[in-house]
Each structure stands twice: as C-alpha cells, then as structure tokens.
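Here are two short exercises to work through with the model open. Try each one before reading its solution.

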Amino acid sequence: MSIRVIKEKCRGCALCVRSCPFEAIHMSGKLPEIGAACTECGSCLEVCAFGALEKVDDSRKSDIDISEYHDVWVFAEQRENELMPVVIELMGEGRRLADKIGCRLGVIVCGENIDRLTYELSCYGADVIYYADAPELKTYTTDAYTKVIYEAVLRYKPEILLLGATHIGRDLGPSIAVKCGTGLTADCTKLEINPEDKKLMQTRPAFGGNLMATIVCEKHRPQMATVRPGIMEKAKYDRDHECTEIPLEVSFEDGELRERVIKMVKSLREKVSLTDADVIVSGGLGLGGPEGFDLIRKLASRLGGVVGSSRAAVDAGWIPHSHQVGQTGTTVRPNIYIACGISGAIQHLAGMQESKCIIAINKNENAPIFEVADYGIVGDLYKVIPAILNALDGVE
Amino acid sequence: MRIIVCVKQVPDTNEIKIDPLTGTLMRDGVPSILNPDDANALEAALRIKDEYPGTTVDVLSMGPAQACYALRECLAMGADNAYLLSSRAFGGADTCSTSTTLAYGVRKLGDFDFIFTGRQAIDGDTAQVGPQLAQRLGLPIATYVQNIREVKEKTVIVERQLEDGYQILEVNRPCLLTAVKEWNEPRYMTVIGIENAYRKEIPVWDEKDIGIDVQDCGLNASPTKVFRSFTPPPKGKGEILSGTVSEMAQSLVAKLMEKHIL
Amino acid sequence: MQLSEKYQLIRKLARDFAEKELTSEILDEVEDTGVFPVDIQKKMAKAGFYGIKVPEKYGGQGSDHLAYAITVEEIARVSAVGSLYVNSPNSLGGMTILIAGTEEQKQKYLRPMVEGDIVIPFGLTEPGGGSDAADMRTTAVKDGDYYILNGRKTFITMAPFADYSVIYADTGNRPSGKKGITTFIVDMKLPGVSLGKEEQKLGLVGCATSDIILEDVRVHKDDIIGEIGEGFKDAMRCLDVGRLGVAAQSLGVAQACLDEAIKYSKERKQFGKYLYEHQSIAFMIADMATKVKAARELVYDAAVTKDNGGNSTLASSMAKYYASEICNEVAAKSLQIHGGYGFVRGFKIERLYRDCRVFTIYEGTSQIQQIVISGQLLGR
C-alpha cells in the first residue's frame, strides 16, 4: 500500500502537509509529495477536501496461508504461580472476539506445577488450554518461554494471540513475533474484529497519547497484540465451564537457555514524587487546619497516590512546600487529580490543569476549580471524602 | 570492549499540541530530540567505557538525514563513532521491519560485546524494536534493565525491572540490554564535546551499503499497517454531580470505573 | 540570524542544563540564603561553561564567542545570577589572563579556573571612579622584585569567595607622561588583603559582592599581567567581551520576561476574557517580542564580529546598550501584565525585574555605551 496524489484533483492547498503527523508530506511546486516517513496512517486522506489522495495496494504478498489459522489465544502470564490480573481481562476480551468470529478461546500457560492455574483458567472461560509444565518454566525467561510458545504457535496455528502489556508480555511478544515472522501491535487499548475477514483492528495511543492509531496485520498470522492492563473487561468466573487441556512438549538442550534468574527481589516503589505520581490528592484552605491532611493522606494512599496542596495551605504552614502544586510549586499531570477544598486560584490551575481527570470537591459552587474539573462535587469535604472511601470499599 | 548503542531521534511528544479547531496534531516547531530512554542506554555504555578504558562506544540509528542531529548529541556526550541508516527504502517501517534493517546495520559494524538500546521510544511507545533486534541477531536479551551488577568474562549480571520489584538475571554475552530511565542519569554534553562532534564524519548507509533487499525493508516488509489514525475526542465540559453525599460518591466511583480511570 | 546546527546543540546543552539544575526550588533557596550551590557551579564547569572560549591547551573548550553568548543567554533565561557564574571566568578575570598573560600564567590560572577550582574576579572599579575607570587611585610602588599595592576596589563581584583577583593599579606615569596602569594578579591570602562588608543587593542575589581592600600588599613582579603601564588598554579589551556577556544576560532575562508575560496572559482572565484577548495586552506583547528579537540579532552579531576578528567594540557596546535597556523595559511591561501578582514574591517576574536592573549599570552604564558608540562613529 502507499498513498498516491491524484494530480488532476489536487488544488495545492497543502492541508495534507499540515495534517501529517509524521511530517512525511512536503510541497514540491504546487503538488504535495509523499516522503519516506509515510506510514499510511490516512490523516491526509481525511483532511483533503478534493479527494485528491488515495491509498493504493502495491505491497508484496506474504507466503503463508492465513486460512489455516483459527482460534483466539491468550498468554496466561503467571508469577509465583499466581495469574496476573491482566490475564482475566484478556480472557474477557478474548472471549468476546472468539464469539464474534465463532472460534474457540485458547489459553497458553507456562510454569511449574500449574494444575491449579489450568483449573482457574478453565473457570474463566478457556475452551482449550495449552500448558507447559517444567522446572525451567517456573519463572519467566525470554529464551525458554519464546521457544515453547513459538513451537505451540507453529503447531496449533492460532488466528490471534493476545498478551498483557506487562514488562514480561512486552519482552515475550516481540520475541515470538519475530520467530513467527508476523507483526505485533503494542499496548492496545481497544480491539475490534471484522467477522468477515477476521481482521483484528488494534487501536493504541501514539505520540504520547496525542494520537490514536488503529493497526491491522492483514497478511501474517497470528495477529498479535499486547494489551494495556486495566482496560478490558474481566472474564466471568464459571466453575462449570468445560475445557480441553493439551500438554506441550518441553525439552531444552544444554546451553540453549542463555538467561538465568538468580533471584527475585520484591520492592515497593519508593515513594513517588509529585511529577511521577499517577494519582494526586490535594488539599487547600478548605481543610480548615493541618490535621485535615490526615484525611487527604488516607484517600491518597487508598488510591495509591501522593498528597499535594495549594499554595495557601503551604503558606498557612499546614504542609511543607515540597507538596505544593501550581505555578510556584510543582507542575503535575497525573491520571487523576482530586482537589479538595481548593478554590482554584490561577497559579494553582496553571500547575494541574493538564491532569487527565480532575475531580473537585468544594463547598462553594462558584469556585473556579469547577471550571477545569471533569467531575465536581459541591459539598463538605469532611463528608464527601469518607463517602468516597466507602464507595471505593464497596467495589472491591 | 565494544558496545553498540541503538538510538532513535523522536519528536518531543511533550511539546505536541492538538489544534483545538481542526483536531489535528500541531507539529510546527516541535523539536526533535534524542529518545530519552536511549540516552540512558548511551549513558550506561559510557559508564562502562569510563570503567574499562579502551572500550569503544558506537552509536547506530535509522532515520532521515536530519537524525544526524541526535547522533551528534550522542557524540557530544562521549560516543566514539556514529552511523546512520538512511534511505527512502527504509521509510514507513513498522517495528518488525525496523529491527531487520538495524540487524543488517549491526552486522556491518562487526563484532561487539553488547548492544544497548532504550526500553522504548516516546513517539511509538512500543518497546518492541529491542527484543526484535535481539531475536534477529540471535542474541540473548534482558529488557527493562535498571542496573548492571557485574560484567563477567562470559556473562553479565543485571537487574531487570518488573512491576513489583526486579529480577537478578545472569545473561550470556554478547547480549542486548534495553535500558529504563531508572538505570542512570544521562550526562550532559560538553561544549568541547559539541565542537568535536562536528569535526567527525557520520557515515550514512543505505540498503546497498548494508546489503539488504529493498523488499525486506521499510513499508514493504512491515506486517502491520496503520489502518487509520485519529485524535482522541477532546475533553468535554465537566459534570457537577448531584444527589446526597453518598450518592455523589457512589456515582463518582462508578464513573471512574466505567471510564477505566480507576 | 539563522544558527547552524552546532549552535543549536550548544543552546540545547545550556537550556537542558538550566531547566534541569536550576529548578524553582533551588532558585528560591538561593534567594533566601544568598548562596549559590557549589555543586551546580561544579557541574557548570564540567559541562564546559567556564572555559567556552579558552583554548583546549589550557583546559578550555576551544569554542567561540557565539557559543558563549548563547550559553549565557540560556542560563540567564532561567537564572540571571546563574549566568553571572558563567560570565565571570569567560569574560573579565579569565580574559585578562588569556589576552595578556604569559604562557606560565595561563597554565597556572586558567586550567583551575575553567575547572571551577579557583575564582578570579576583576578588580577595576573604585569607590571614587566607576565609569571613570582611568581615574585610578589604587597605587603600586616598586620595591625591588615586589610592588607594594594600596587602595580599595569596589563592587567586586565574587570577591568574598575569590582565590585570586585581577587588580588594576597606578604604577606611575609612563614616558609619554600619561598615567600608567598595570594589571596584577593578587593572591587573596596575601597579608594586607581584606574584604569590605558584603553588599545587600537589589537583585542578582546569590553571587556575593564586596570591596577588596589592599593595605601594603607585596605582590611579586612575576604576578604582573601584560606590560607595565599598559593595563588600561587590556582592561578595555576585556570589557569588550564583558559587555557581550552582559548583553547576552540581558537577552536571556528579556526572553524570560516575555515568556512569563505570554504564559500569564493565557492563564489569567479579566472581564470574562483571557488577558491576551485584550488588545492592550496583546500589543504590549507584540512590542516586547519585537524588541527581544532585535536585541538577539545585535547580541549574536557582536559575537560573530568578535569571532571573525573584526572590531567588536562598537558591536559589543551597541548590543549591551540596547539589550540591557530593552530588558528593563520588557521586564517592567511583563510585571505590569502580571498586575499585583507581579509585585509579590512567588512569581518569577518579581525576581527577573530586580535582577535585570543592574544590566544598564555594570560593565559600563548605558551612558558610557553611548559615549563609546558615538566616539566610534564620530571618531572622537
């Protein structure tokens, strides 16, 4: 495929040049020229008011027969014989895709003494479980897992292979993809499938989330994707779900495994700074006193976040300056910013308004903070925060 | 020792804004920078060079001719040589195709003890090219490396970062390591380093130079294609919740769950 | 002026450094304590900022005046006082040794200076004569192999933590009958050297300034820099570069004031509109930006003139005169846009406004620049 300029239709307006996220288009005289950086994302097609751009198919054919590939597979990542939470999400999504194209949901799992895991996977809806049980597979290593899964893919030919975009999934995925000679889409946030041609539409953020791209892998199989944890809906648990279990042969030659895990060290990340935090709960003058930060801390730790504050609370001596968010403090852009008892002075807003989701809790419904908030709660924070803590307990 | 560091020049995604009217990316004036994780990979290589005099650090990149700028930055930080793979034929490559081209480039560079690269590039955030390159070169790999504990005669002992801690991993040499930002703090260039970087020649190699078939590189050899791209819908006006305190709290949590924010 | 890629990389180095090291927390602390962190000074030296134009054989970076101007501009954009630390070794103290020193003196002083191990200020100004530097009261009287120095130097930046100081002193009339000024390098530990009280300054807090008092200080004749009686000429040559440094500082601070004005005008709403949507504010910003741009052209032109070996006196004076004047103007306008918030501690503009005030004063007031410029033009 490539993008072609239809000279007769082009008016030389250069809208396409400006629309290109990859700066691949340049004007050559009055006509745009598509450069080497083009990824065929199609942004230019959308903006062209004259239909002067088209996509043409000129790529070479792959030599595999894609009709031999069936089933949706999920890689069931385990650590210390516990399934990673993302596996359940992948199975939920895998089930949905499998039902759409009318095929089975397969799960592939590697480890040592994993009987309990295969049972669990069957309850989460696996139709077929391919399992490899060997001491070399107890803990993940690239060489061992890549070999076992590559051989299984070769033999059983799945249509789709999904992995969690964990550190391990993002190590294993590319390794298998290269061995299989197929493509891989990283860190997907949305998957759709075309029931006709079984084309998997894999949507993922790019350019730091400024752009979304839908990726397809048309001529190679399996269609592989790693999926961002925490996005997909979890699979339902059903004790009575039946499934077939197929053991995978495992044998390694001497020296074949070139990585050895010496030790696993568990460590909680050291206390994150404001700039790195995913969640920030901030308090302001509305707290009424320094002890108000106890409640803020409680909510922050419940959400795995850190404590911020407005300048006013710092100036009042309720909390050290290092917590201050705003123009004269730290500029932050977490996933969740909860402003409690902060009216939203300009210097505070300047430091936090690029947060992905802003929640404001304030007594005064005219407080400027509500202008930037995604969700606002007008009320007494001493009542609202405990209620939120309650609500959070309810969902777990 | 010889260390090859693979780097990429990327647009500084923090500087990219969306045009509120057209909803398109505004790339005007967005600077191109050395990919941040790659700077950590280079720093790790330079520290080995500091420790083992006689070590050579060579930097390899694939990209348009302008990517020489990022390579000069690497030289100014202390790399010995830099090489650029650049050709129209390499354009539009996905990660799979990129790793093939890089593998040809590495082979042309000859023997080495390590390949270092950043965990992922900020324009694509895929983290795939490192592991793919290792597979193509038949090298053992450790991704998400946050520290080298010991360089041994035939192996290296590294710390590989996981979500809840790290593995201590022994990997045969030669091998490929991908660096996370926690590994180190990249050094600054120096003024004299910049002066010297501009006195050096950066060889630019195309498909003929590295001996790759045009069918095996660029868009031609990319199994994945961008089907369409779009800007995420803009943030709508916020919502003021209503009801009793407990109803508002419940509905807030429910909304956050629904949007997968929690 | 379109900068080549090399200079863009120099700018990137200086900007990355300034933004990463000179955080608002650190700068607030500098403001509170009056002390500029030593580790940041060391890092600046390591990045090569202290010896940008010093040849490699003296431990320097072997670069040029344009690289120097860009570096000072970028550091000043984040911290004016920080840029002072870059200015000093590159211009006044260091320059004296570089242009007039013997090979031995260069080896002895330049290397440790560019590595950040020693500090050498420039002792020209006296209490009785600021602009009128030729009216020198400090005397040096020959006594065998030594000279006995007596006098007082005033407003000497960095004197309180200096290891050596360049001191200009009157060594008696030359054969031509004109006053003979000679340059000495004086070890600050010598008997008879003492410091005045540290000045409390309006701006540039974090780089201590005081008088240097010389009472019967015996300086060996080997510590004379350049020819006896020729010091004034050398001082004026150093000031050429010094003025370029101040011009670059002014440019950096002016750019920062403009940046702050633009940022604030997009955050603050009055009468239901953002400030920048009010034409009165938008036009102020247009004015500021145009002047900053003009200043940048003058500064880079002066640097390139110097690098090309041309007569840079005129270009440096014009750059310093214009950049420092518009810097004060732009700072005042930016503060005006900030309204009351600009008048209180906490917003960056408050510090910028204080810091830039001295730019039209030190290393030759604007009025002295007018004398130099008109003198060059009219041949007087």
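**Exercise 1: two helices**

Helices α4(C) and α5(C) are roughly antiparallel to each other. This is a predicted model, so keep that in mind as you go.

Task: Find at what angle the axes of α4 and α5 of chain C cross, and which residues make the contact.

Solution. Start by locating the pair: in chain C, α4 covers residues 65-78 and α5 covers residues 80-90. Next, look at the axes, which come within 6 Å and cross at roughly 155°. Angles over 145 degrees count as roughly antiparallel, and that's why α4(C) and α5(C) get this label. Now pick out the contact itself. From α4(C) you'll find C:Y68, C:T71, C:V72, C:I75, C:A76 and C:V78. Across from them, α5(C) brings in C:A80, C:G82, C:S83, C:V86, C:N87 and C:N90. Sort these residues by type and you get seven nonpolar, five polar and no charged.

**Exercise 2: two domains**

Task: Work out which helix gives the largest share of the side of domain 1 of chain C that touches domain 3 of chain C.

Solution. First, split up chain C: domain 1 is 5-114, domain 2 is 122-230 and domain 3 is 233-378. The centres of domains 1 and 3 of chain C, taken over C-alpha atoms, lie 20 Å apart. Their contact takes 23 residues from each of these two domains. On the domain 1 side, α4, α5 and α6 (92-100) of chain C each supply at least two residues. The largest share, ten residues, belongs to α4(C). Finally, sort that domain 1 side by type: twelve nonpolar, six polar and five charged.

Definitions and conventions: Residues numbered from 1 in each chain as written. Chains lettered and ligands numbered in written order. Predicted model: local features only at pLDDT ≥ 70, side-chain atom pairs only at ≥ 80, totals over all residues. Axes fitted to C-alpha atoms, helices over the stretch in contact; angles between N-to-C directions. Helix = DSSP H or I, 4+ residues; strand = E, 2+ residues; numbered from the N terminus. Parallel < 35°, antiparallel > 145°, perpendicular 65-115°, else oblique. Contact = placed C-beta atoms within 7 Å. Nonpolar A, V, L, I, M, F, W, Y, C, P; charged D, E, K, R; others polar. Domains from an automatic or database assignment.
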